[in-house]
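Reader: I'm new to this structure and would love a close look at a single part of it. Could you pick one helix and walk me through its surroundings?

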Amino acid sequence: MTGPRSWRFVTAVLDEERLRAFSALVRDPNPVHIDPAFARGLGLPGAIAQGGLVVSALSAMLNADGIVQLDVRLLAPVPAGTALVCQGTAGEQTPDGQVHVECEVSDGADRVFARAVALVGSRVHA
């Protein structure tokens with residue numbers, strides 16, 4: 001068994017092009033994700049990332065041998081142009097090779113967008 005370890009990983013920037021591509025992929029025509037002027041009219045700073053895109057980025061950042069369970073709480077909208085930072089702690093490895101992971105997704109400074117708890121296979125991004 002291995003002991004707890006902390007890690008930090010930065011994903012690609014969630015720019016407007018990525019938001020448009022994800023909207024097309026999941027057939028989500030909501031203009032809050034693809035039209036900055038529309039989003040600003042709602043009091044947002046511009047287009048915001050889809051919750052599914054944030055969870056998808058989190059899953060990729062875990063870089064694990066199979067996510068057995070992933071519980072995510074989305075806390076705040078992610079403005080287009082944000083580089084997501086995922087940081088957390090991987091706990092003890094169980095005899096069957098699974099690892100309990102607690103992490104948060106932020107902008108790397110003061111904005112936390114999501115918190116998550118995961119149970120993953122034996123290899124977590126180090």
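Author: Happy to! Let's take helix H3, and begin with its length. This is a predicted model, and a simple check works well on it. At 1.5 Å a residue, the 12 residues of H3 should span 16 Å, and the C-alpha atoms at its ends lie 17 Å apart, so the two values agree.

Now for what surrounds the helix. H3, residues 51-62, packs on a sheet and touches S1, S2, S3, S4 and S5. The direction of H3 makes about 135 degrees with that of S2. Which residues of the helix are buried? They are Leu53, Val54, Ala57, Leu58, Met61 and Leu62. The cover over these buried residues includes helix H1 (16-26) as well as S1, S2, S3, S4 and S5.

The sheet itself deserves a look next. It is an open sheet of five strands in the order S1-S3-S4-S5-S2, with antiparallel pairing. At the edges are strand S1 (5-14) and strand S2 (67-74), each of which pairs on one side only. From one strand to the next, the twist averages 20 degrees.

You can follow the pairing across the sheet from S1. S1 and S3 run antiparallel and are joined by eight bridges; here Val13 has Ala83 in S3 as its bridge partner. S3 and S4 are antiparallel too, with seven bridges between them, and Cys86 stands opposite Val105 in S4. The hairpin of S3 and S4 has five residues between the strands, and in this hairpin Gly97 takes a positive phi near 90 degrees. Then comes the step from S4 (residues 99-106) to S5 (residues 112-120), an antiparallel pair held by eight bridges. In that pair, Ser106 has Val112 in S5 as its bridge partner.

One residue shows nicely how the helix and the sheet meet. Leu70 sits in strand S2. Leaving aside neighbours within four places in sequence, Leu70 is in contact with Val55, Leu58, Ser59 and Leu62, and also with Ala116, Val117 and Ala118. Among these partners, Leu58 and Leu62 are buried residues of H3. Is Leu70 buried or partly exposed? Its relative accessible area is 24%, so Leu70 counts as partly exposed, since buried would need a value under 20%. Leu70 is also 10.0 Å from Glu102, C-alpha to C-alpha, although 32 residues separate the two in sequence.

To round off the surroundings, let's turn to charged side chains. Side chains of opposite charge can pair when their charged atoms come close. The count here comes to three salt bridges. One of them joins Glu104 and Arg115, at 3.6 Å from N to O. This pair links distant parts of the chain, with Glu104 in strand S4 and Arg115 in strand S5, 11 residues apart. Arg115 is partly exposed, at 44% relative accessibility. Asp107 and Arg111 also meet in a salt bridge, at 2.8 Å from N to O, and Arg111 is partly exposed with a relative accessible area of 38%.

The covering helix H1 has a pair of its own: Glu16 and Arg20 meet in a salt bridge at 4.0 Å, N to O. Because they are four residues apart in H1, about one helical turn separates them. Glu16 is partly exposed at 35% relative accessibility, and Arg20 is partly exposed at 41%.

Note on methods: Residues numbered from 1 in each chain as written. Predicted model: local features only at pLDDT ≥ 70, side-chain atom pairs only at ≥ 80, totals over all residues. Heavy atoms only, no water. Pairing = 2+ DSSP bridges. Helix = DSSP H or I, 4+ residues; strand = E, 2+ residues; numbered from the N terminus. Axes fitted to C-alpha atoms, helices over the stretch in contact; angles between N-to-C directions. Contact = heavy atoms within 4.5 Å. Expected span 1.5 Å × (residues − 1). Buried < 20%, exposed > 50% of the residue type's maximum accessible area, 1.4 Å probe, protein only. Salt bridge = Lys/Arg side-chain N within 4 Å of Asp/Glu carboxyl O.
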